[in-house]
Amino acid sequence: MKSVRTIPGRGLEGDRYFYERGFYSKKPGLDREMTLIEIEAIEALNRDYQVQISPGDCRRNVVTQGVPLAFLINQSNTDLAS
């Protein structure tokens, strides 16, 4: 998948939480978060530690490529929008 759409209060379009199907937590509230990981980090783990994990093994919602994510740490949506 090349892109993903997020819907406030629903999550990632197409995700099991979005459709409330399969195994998922029915805990109410807005404290659910989207998690991201760089494919480059996964590749480095595989290379440097001689492990073989795939992006799906990491259990993250979104795997990015060519997007440095470190600058997002401790940033809010408001910070990113400006």
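**Exercise 1. Work out how Tyr19 sits among its ring and charge partners.**

*Solution.* Start with exposure: Tyr19 counts as partly exposed because its relative accessibility is 41% (buried means under 20% relative accessible area, exposed over 50%, partly exposed in between, with a 1.4 Å probe and protein chains only). A word on the model before we go on: it is predicted, so local features need pLDDT of at least 70 and side-chain atom pairs pLDDT 80 or more, while totals for chains, interfaces and linings use all residues. Residues are numbered from 1 along each chain as its sequence is written, and side-chain values use heavy atoms, leaving out hydrogens and water.

Next, look for ring pairs (Phe, Tyr and the six-membered ring of Trp, centres within 6.5 Å; planes under 30 degrees apart are stacked, over 60 edge-to-face, the rest tilted). The count is one aromatic pair. Phe18 and Tyr19 form it, edge-to-face, with 5.0 Å centre to centre and 85 degrees between the planes. Phe18 is buried, because its relative accessibility is 9%.

Finally, check for a charge over the ring (NZ of Lys or CZ of Arg within 6 Å of the ring centre and within 35 degrees of the ring normal). Arg21 lies over the face of Tyr19, 4.7 Å from the ring centre.

**Exercise 2. Find the buried face of helix 2 and say what it packs against.**

*Solution.* Helices here are DSSP runs of H or I with at least four residues, strands runs of E with at least two, both numbered from the N terminus. Begin by listing the buried residues of helix 2: Ile39, Ile42 and Asn46. Seen down the helix axis, they fall within an arc of 65 degrees, so they line one face (the arc is that of the directions from the axis to the C-beta atoms). Turned away from that side are the exposed residues Arg47 and Tyr49. The buried residues pack against strand 3 (36–38) and strand 4, where contact means heavy atoms within 4.5 Å.

**Exercise 3. Follow Asn46 to its neighbours, then describe Gln50.**

*Solution.* Asn46 is buried because its relative accessibility is 15%. Leaving aside residues up to four places away in sequence, Asn46 touches Val51, Gln52 and Ile53. Its side chain reaches the backbone nitrogen of Ile53 at 2.9 Å.

Gln50 lies in the loop between helix 2 (39–49) and strand 4 (62–64). Gln50 is exposed, because its relative accessibility is 66%. Although not a glycine, Gln50 has a positive phi of about 50 degrees. For background, most residues other than glycine have a negative phi.

Note on methods. Polar contact = N/O pair within 3.5 Å; in protein donor to acceptor, adjacent residues only side chain to side chain.
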